[in-house]
Structure formats: C-alpha cells, structure tokens
Amino acid sequence: MAQNPALPSSSIHTRVRIPVQSSVARGFALVVALLMLNVAVAFMRATADDPLVSESTLGQLAAWMADQSEEESPESIFGALAKSWASARGEDVLDEAAAVDAMRWPVVLMAGAASLFALISAVFLRAGRFGPLWLMLSMHFCMSMLFVIPAVEGDFTLTFSIVSVFLTVLAVGLSSRPIGRVVGFLLALSVLLAGVEAIKGFARANDYAIRASVPAWAATIYDTPDAAYAALQSGEIDALFGESGALTEAGADVEGITVLTTLNRDETRLGLPVKPNMPGRLAVAAREDAAATASSVADFVGRPVGAVAGDPAVEFLGEPRSWVLLDLKIFNDLNLPHLQSIAEAFLQPARRNGPMLLVRILAGNAAYTWTEAALGFAFGAALGFVLGSLFAHSRLLERGLLPYVVASQTVPILAIAPMVVIWLGAGPASVAVIAAYLTFFPVTINTLRGLTSPKHIQVELMRSYAATRWTIFVKLRLPSAVPYIFTALKVSATASVVGAIIGELPSSIREGLARAILDFSSSYSEVSTPKLYAAIVMAASVGIAFFVIVSLIERVALRRFIPHTA
C-alpha cells in the first residue's frame, strides 16, 4: 500500500498503535472488573468469624466500637456512634459479632464500585472519551482495598487487589489521553503501595530470603562418645561436633585431641552468608594437627565430621544448608507492616481498650507540631529574606558573612538542638528556633540568587530613569526573585517540620509528634511497629500539607508579580 505523501509516517504509526493500546487497556480493565467482583463476592460470602472480616481494618474497628458501647458516656465520636447503634438495635451494649458482620458491606461496596468503574472504563476506552477517568476511579477503590483487606494465609483476596492496582495503572498508561502531573503522582503512588505489598508477599513465600542450596555436612552419627573419639583419632573423621561442655569433659583424657571453642561460626561465600550458623553452645573437637590450622567452622565443610547420638550437634549437622543470596527480612511484618496493619493502627486506640483512637491523638500531636514548625518557618523565612537582601546590596557583607551562613549548615542539627533548649528553655520557642535554623539557609541563598538575577542592562536602564535603590528593588529585583524565593520556601516548609520534630526530642514536649514516634519506637514489636509507621505517616502528611499551602500561596503571588504566569 502506497503511503500518502501528505501524511507523515509518524501519523500512520500513531493511528495504528493507538487502537492496539486501547484494546490492551480495555482488556486490562475487564480483568480488573472480574478480579474485584471476586473480592466483593468473597466478602459477601464471609461471616463475622472469618479472618478476612474479623481481622480487616473495619472489622477491628467494629470490635473496638462494641467495647466502647459498654461505657456510660464514651469520649470518642465512634464510641458515641456505637452507643447510638446499640440503642437503634434495642440493645444496651452493641453486639460485637453483629457489628463486625455489618462491616462486610462497606468493603463489598468498595470492591463493587471498583469492578463497575473498570467495566465502564472498558466501554469508554473504546469510544475514546472519559475512559481514563473511570479507570482512575477504579484504581482508587482498588488501592483503598490494600488498606482494608488483611493478609490471610491461603486467601487470594489481597492478591487480587494488588494485581488490580497494577493493571489499572497499566491501562491508564496505555490510554491515548495525556498524563498530567497529578495523575502521574497518583499512578506512581499506586505502583509504590502495591509494589510494597507484592514484595512482602514474595518475601513471605520465600521465607524472607532468596537462597541457593549448598552441600550438606558429611556427618556420621556415633552411638557413644568413645566410638566418636576413636573415629576422630583414627582419621575416619576430621572433626567431632558437640555441646561444648560435653566435648571438653569427654575429651579430657583423650590424647592428641583439642576442643576448639573460639572458632568463627559464620560461613560466607563471596561475602554472602551460608545458613544456618553453628549455635553458640556447640564446639568442635579436632586432632592437634588439624586444630592448628582451623580458624573457622567453614574449614570443615566438605570434610568428614561426626557427632554423638542425642547431642544437639546432630540437629545442626542434619539441617539443610543454604547460601543466602538476598536477605529479605526487611520486608517481614516486624520491620515493614502491611498497609492494612498501618490503617488499622490509625483506627485503634493508642493503648489497649483506650477511649481515644490513635488517629485523633496523632491529629492533635500533628497540629501542635505544625504550629511550632509554622512559627519557625515564618521566622526563618524572614531572616533568610533579610540576609539575602543585604547580601544582594552589599558585596562586603556577602563576602564577609555568607561563608558563615554556609558553615552553619555543616553543624548537625542534633548537636545544636540540645544547646538551643538549654539556652531558651524547653518549650515551643526553642523548637521554633530549631525549625528556623533549617529554614533560613535555602531562603537566604535563593533570595540572593533571585535578587541578583536581573541583567546588568536592566539595572542600568532603571538607574537612567533616576530610580532609587528602593525603586529598583521593588520594581525589578523583587519580582525577578519571587520564583526563586518560593522554590526555597517550598523546601523550607518540609524542613521546618523536620526541625520541629527534632527540636521536640530534647525539649521533652509530650504534645508533639516526636514524643509519639519515640514512644512507639522504644517498644519495637508487631503491635507497636504499625503505630510507629502511623506516626511517621502523620508527620509526612503535615509536611506535604505545608508544602501544598506554600504552593498555593506561590500561585497567587506569581500572578501578582508576574501576571503572564496566570
């Protein structure tokens, strides 16, 4: 078929590729619809005793609400709601089984909505309009399921949700619609969250390590210690493994045998460990000539060794040996909880059967920390602007003081924070100063850069009109510096939150986020770790919210100083 010379070849390829991409995207959307329909059906068939329901985020919330309904006047909103729910059912105390069972239906509705939106998107993708919008809605509901559905052994409901998130992201990427900044951020966030859950599932299936098999010990088990030592003396075996005390006692009268208790117990290959390690209570007995050259348990690998029946060494020598190529323990539930566990921690009391949910406590702590950060941000930004303005108008001040401003940021904030607390006393003022310490530097540098950004010919033109320094500053330098200043302010907004949290630690302030993070990290367990992550998520949310506020102010300011950006 001849190509139309009026039509570029790129247009031909685009017209061919877009229908193919659209067909693949519609296929992904249909698969998502089926997967989420399975999730909805699974929750419809489940009962209140099913771990899929009882261990879910909403199921655990319902159980706590049932406990709170026993109180005469619950302090929390959910407790009062549980009391009203019990009254509506004609009960004095909310029935826990009924409350947990009722929490199935919100999950059914979310999964059903994800399935329905995915199905609708498949239709609209074919029409070429609004398909990505329905896909994004489906993706949000699929992603929300990651915060609700627990990881239950042998159940694939969570897996279906993870796969659905990935497929909706791929479908949006394959659609012909352009991807904006917000959509790109949401897609990246979805891939990150679903990726964490997928990696956790992979790590759990592989016992949190990727291993390669290595040869087992060439071990012989003897009935008595005398037989074992006789074999060692005769050269039948090169080493005898056993409990340290038993080996020392039995080999005390055996000539030419040395008990090695200080051997290196770690075996490695190419710098990677071989498991299991020899337990600390075991030792190795060897002939004196072999003991003289042995420095590690690995020296006896591949050589004939022995143990006495009934000794703990028999179990060690019989265990399968493996070469750990990649350790995945960072993804276990202790180090990295499931998203559902973190969401559940938000909707559970900070202490067992407490009257207040953790989300409410952390929200109060976040508001307190944000107040300190805002004070420090305002002070640091003002100081940075003044210093930058002075440096822009005085080469002497710039050369004399700017090196000290730079040097101030080389001192660790953890070293400065206690000194500031000692000088100013424990309280919000000292925390605000510490936050300002992290804030003023980027504002100073960017203000200086922005105020000196106008070209020399522009400044000379203003001077030719007899403009004063103040007029040049207001009419020329400041408008040119506004984009630079707000870039620094957005960086400083998040830095001020970090500074406030660090400043709260030596100040012993109990109302802020630092105390919550410190409390939950002090008792590192599968119960407190999700609460620690919840506190970290709340701290990150404060920083993100502060960044968004400054960004919105930037848009207004740019329209004022640079009208063509509107």
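What follows is a short walk through some helices, ring pairs and unusual backbone spots in this structure.

Okay, hi everyone. Before anything else, keep in mind that this is a predicted model. I'll start with two single helices, go on to helix packing, then aromatics, then the backbone.

So, helix H3, residues 57-68. It has 12 residues, and from its first C-alpha to its last it reaches 17 Å, close to the 16 Å expected at 1.5 Å a residue. How much of H3 is buried? Well, 10 of its 12 residues are, so to speak, under cover: H3 is mostly covered. The buried residues include Leu 58, Leu 61, Trp 64 and Met 65, and also Thr 57 and Gln 68.

Next, helix H9, residues 181-205. Its 25 residues should span 36 Å at 1.5 Å a residue, and the end C-alpha atoms are 36 Å apart, which agrees. The buried residues here are Leu 186, Leu 187, Ser 190, Leu 193, Ala 194, Gly 195, Glu 197, Lys 200 and Ala 203. If you colour your view by charge, look for Glu 197 and Lys 200, which are both among those buried residues.

We'll come back to the end of H9 in a minute. On to packing. Two packed helices are described by the angle between their axes and the distance between the axes. Take helix H17, residues 413-424, and helix H20, residues 469-507: their axes come within 9 Å and cross at roughly 50°. H17 and H20 are therefore oblique to each other, and H17 passes H20 in a right-handed crossing.

The other pair is helix H16, residues 395-408, with H18. Those axes come within 10 Å, and the crossing angle is roughly 140°. That makes H16 oblique to H18; the cut-off for roughly antiparallel is over 145 degrees. As for handedness, the crossing of H16 and H18 is left-handed.

Right, aromatics. A search of the whole structure turns up 10 aromatic pairs. I'll show you two. Phe 117 and Trp 134 form a tilted pair, 5.4 Å centre to centre with 40° between the planes. What does that pair tie together? Phe 117 lies in helix H6 (residues 104-127) and Trp 134 in helix H7 (residues 131-146), so the pair ties together parts that are 17 residues apart in sequence. Phe 117 is buried, with a relative accessible area of 17%, while Trp 134 is partly exposed at 22%. The cut-off for buried is under 20%, so those two residues fall on opposite sides of it.

The second pair is Tyr 437 with Phe 440. Their ring centres are 6.5 Å apart and their planes sit at 50°, so this pair is tilted. Both residues lie in helix H18, residues 428-451, three residues apart, which is about one turn of the helix. Why might that spacing bring side chains together on one side? An α-helix has 3.6 residues a turn, so residues three or four places apart point the same way. Tyr 437 and Phe 440 are both buried, too.

Back to Phe 117 and Trp 134 for a second: together with Phe 141 they form one aromatic cluster. And one for the cation–ring fans: Arg 321 lies over the face of Trp 217, at 5.2 Å from the ring centre.

Last part, the backbone. Most residues other than glycine have a negative phi, and most peptide bonds are trans. So where are the exceptions? Remember the end of H9: it is followed by Asp 207, whose phi is positive, near 55°. Asp 207 is found in the loop between H9 and strand S1 (209-213), and at 52% relative accessibility it counts as exposed. Leu 270 also has a positive phi, about 55°, although it is not a glycine. Leu 270 lies in the loop between strand S5 (267-269) and S6, and it is exposed, with a relative accessible area of 80%.

Then there's a cis peptide bond joining Lys 275 and Pro 276, with omega about 0°. Pro 276 has its place in the loop between strand S6 (272-275) and strand S7 (282-287).

And one distance for scale: the C-alpha atoms of Ala 219 and Gly 384 are separated by 72 Å, with those positions 165 residues apart along the chain. Ala 219 is in strand S2, residues 219-222, and is partly exposed at 32%.

That's my tour. Thanks!

Conventions. Residues are numbered from 1 along each chain as its sequence is written. This is a predicted model: local features need pLDDT of at least 70, side-chain atom pairs count only at pLDDT 80 or more; totals for chains, interfaces and linings use all residues. Side-chain values use heavy atoms; hydrogens and water are left out. Helices (H or I, at least four residues) and strands (E, at least two) are DSSP runs, numbered from the N terminus. The expected span of a helix is 1.5 Å times one less than its number of residues. Buried means under 20% relative accessible area, exposed over 50%, partly exposed in between (1.4 Å probe, protein chains only). Rings of Phe, Tyr and Trp (its six-membered ring) pair if their centres lie within 6.5 Å; planes under 30 degrees apart count as stacked, over 60 as edge-to-face and the rest as tilted. A charge sits over a ring if NZ of Lys or CZ of Arg is within 6 Å of the ring centre and within 35 degrees of the ring normal. Axes are lines fitted to C-alpha atoms, for helices over the stretch in contact, and angles run from 0 to 180 degrees between N-to-C directions. Angles under 35 degrees count as roughly parallel, over 145 as roughly antiparallel, 65 to 115 as roughly perpendicular and the rest as oblique. A crossing is left-handed if the near helix is turned anticlockwise from the far one by less than a right angle, and right-handed if clockwise.
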